[in-house]
Amino acid sequence: MQVAETPFEFSTVANLTRIGNFSAGTLAELLNGLQHCSDASIFHHTFQTLGSHHFLTEGFSNDFAQWALVDANRDALAEQLAALDIRDYTSIAALRDDLCRVVRDYLLQHPEFAKQETLERFYFCESLQVTLPFGVRAQTLDEFHDGVARLSHAAFHFHFIASRLRLQLRTNDFSHWLANALGLKTLADYINRIDIYTNTLDSAREKVLRLVERERRKHEPSPAC
Amino acid sequence: MSPVQLASRTPLSDYAAVIGAGEIEELRTLAKPLAGRTVEMVNSTAVGGGVAEMLNRLVPLSEELGLNIRWEVMTGGEDFFEVTKAFHNALHGEPYHPDPKHFEIYRAYTEQNLKRIPLDAEFVEIHDPQPAGLIESRTDGKSHWIWRCHIDLSHPNRAVWDFLETYVAKYNGALFSSPEFARQLPIPQYLLYPSIDPLAEKNQELDPAFIADVLERYKIDPSRPILTQISRFDRLKDPVGVIRAYRIVRRYFDCQLVLAGGSASDDPEGVVVLREVKAAADNDPDIKVLELPAWAPLEVNALQRASTIVIQKSLREGFGLTVSEALWKKKPVVASAVGGIPTQVIHKHTGLLAHSVEGTAYQIRFLLSHPEIAARLGEQGHQHVKENFLITQNLKSYLTLFLMLSQGTAG
């Protein structure tokens, strides 16, 4: 079995939510909040919320879209906000630009809704993160499989979803390591293609594990004739 | 004054079957740098109410993780709890006429407790307004003081909040159950959800025979739909509004209503409200008003599990842990969009929200007509609680906060 020179270091992750300074009771205020809130706030309401609501695989994408749908009652805007796929972004700045663009374009087309009061206000929050070494590392596919199986939801989210921002690549920690440390580019691509919007964190993890198991079988020695 | 004696201890490893071994391993990893560090929790009651229930579980689990944690209860006479109940209602936005005597009583009991409670831990967490004044004992800048607010502060009475704010502003940070409750304060404010314990008597799986016994004991017919609200007999829980909603539903469905709860030791209004509820029930044999002793956890559990729909029609709510309890049991929930409830009931995903008596009745009728939708909401509600509102998640949030405070990265 191939042994990687650079091991995969699994992390433990914990988040604390800080309540921010902005809130919105109209779509115009939402736009203002999106323009001025912190990067940690954009991260919280998009990347982070997908992790804490991963079990909703139908019709939940990010907090902005959910609020536009339920509290602002603006279906078309909600649809456009929900359509922003966080996998397309390697920086919060780019994601913020697109969120602002969607809301701004909507208000240009529907200025009558800009100051209409919503049912409930939107409160901008921020994710503060603590990361510690989990004490588990992998140098082989077997060790990688066992490590992924042991991760908490938060740690899986950290390595599989939030990592895109850290790496500033359209990939995740797992795929990045498999491709670069073990040279398993096809496996890395398959894992990177798992849809995080239609899977729960558990089902996404099961798919990662199944793909790794399939790869392991390819490398097993053939039974002696 | 001595620390609270804990009722029971459940080992952390028992939770692995519920949340997975990986989550437990993560808690142990996060706790390692905090081993031996001192933590003190202070609230105003050892029995009754969500805070005491939570601390009863949280404290032994923290101990098992190696934290040196103790739980103290503030003491006070009847006059103190009458004042703090008035403050509680005023902070929820109820009418209140400031009375200087009230503030004096609060200060006097704070002084009395300051002499009795040793507040010398590295992390001191004070729960709710009653013991908030204990911050006065802080003498050095080394310890970390956190004020945990479990109530809805979105529309507080100005006089009471102004009084309380003088204390709260001295803390290192404040924790709220919903961002809506945060105030303009010079300290960082964090979101921390309360939690339920899946292994506690109130939430554990029950033998169907026990559930049947409980229904028989309270003369509840298991063959007809059962609508249930579990809450203290408190006007802010709107039990009379629930009866009005039930009467609308009754026009279309042959159902029963169960209103069950008890009175917390710091809630002297309960008896009066119970009388009002019985009057509103007007001897309807299908309305069961059950006053349960010290919340009778197994009975509450059985009533929730036997329910067709669980209601939480609060007018104001801190968080409303009874909602999490019902969702954990995969029950469809119809609840008011107040306080922390919309965090738990994501409309059309994990339950249905309502804004009035009529709206509550409509959503109940909808779910009684669409049991398949009710079942889906219940299933997703269970997942939501598992992910966000279990005691283990609460424990993780505390460990994260303590780590950040000690590292100076808490904002």
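These are my notebook entries on a predicted model with chains A and B.

**Entry 1: conventions.** I number residues from 1 along each chain as its sequence is written, with chains lettered from A and ligands numbered from 1 in the order in which they are written. As the model is predicted, local features need pLDDT of at least 70 and side-chain atom pairs count only at pLDDT 80 or more, while totals for chains, interfaces and linings use all residues.

**Entry 2: the sheet.** I looked up the strand order and found an open sheet of eight strands with mixed pairing, running β2(A)-β1(A)-β6(B)-β5(B)-β4(B)-β3(B)-β1(B)-β2(B). Strands (E, at least two residues) and helices (H or I, at least four residues) are DSSP runs, numbered from the N terminus. Two strands pair if DSSP finds at least two bridges between them.

Which strands stand at the edges? They are β2 (122-138) of chain A and β2 (68-73) of chain B; each has a single partner strand, so one side of each is left without a neighbour in the sheet. Neighbouring strands are turned by 25 degrees against each other on average, direction ignored. For such angles, axes are lines fitted to C-alpha atoms, for helices over the stretch in contact, and angles run from 0 to 180 degrees between N-to-C directions.

**Entry 3: two strand pairs and a helix.** In chain B, I found β3 (residues 123-127) and β4 (residues 144-149) paired in the parallel sense over five bridges. Val124(B) has Trp145(B) as its bridge partner in β4(B). Helix α15 (residues 391-407) of chain B packs on the sheet, where it touches β1 (8-24) and β2 of chain A as well as β3, β4 and β6 (189-191) of chain B. The direction of α15(B) makes about 85 degrees with that of β1(A).

Where the chains join in the sheet, β1(A) and β6(B) run antiparallel, with two bridges between them. Arg18(A) has Tyr190(B) as its bridge partner in β6(B).

**Entry 4: the contact between chains.** I counted residues as in contact if their C-beta atoms, placed from the backbone, lie within 7 Å. Chain B puts 32 residues into the contact and chain A puts in 25 residues. On the side of chain B that touches chain A, α2 (21-31), β6, α14 (371-388) and α15 each supply at least two residues. Which element gives the most to this side? It is α15(B), with seven residues.

**Entry 5: helix α4 of chain B.** I checked α4 (residues 78-91): its 14 residues reach 20 Å from first C-alpha to last, close to the 20 Å expected (1.5 Å times one less than the number of residues). Among its buried residues (20 or more other C-beta atoms within 10 Å of their own) are Phe80(B), Phe81(B), Val83(B) and Phe87(B). The buried residues of α4(B) pack against α5 (100-116) and α6 (158-168) of chain B. After α4(B) comes Gly93(B), whose phi is positive, near 100 degrees.

**Entry 6: domains.** The bounds come from an automatic or database domain assignment. In chain B, I noted domain 1 (12-195 + 391-407) and domain 2 (208-388). Their C-alpha centres lie 28 Å apart. The contact takes 21 residues from domain 1 of chain B and 20 residues from domain 2 of chain B. On the domain 1 side, α4(B) gives the most, with four residues.

In chain A, the assignment gives domain 1 (8-12 + 135-219) and domain 2 (14-126). The C-alpha centres of these two domains lie 28 Å apart. Domain 1 of chain A gives 16 residues to the contact and domain 2 of chain A gives 13 residues.

Note on methods. Two residues are in contact if their C-beta atoms, placed from the backbone, lie within 7 Å. A residue is buried if 20 or more other C-beta atoms lie within 10 Å of its own, exposed if 12 or fewer, and partly exposed in between; C-beta atoms are placed from the backbone.
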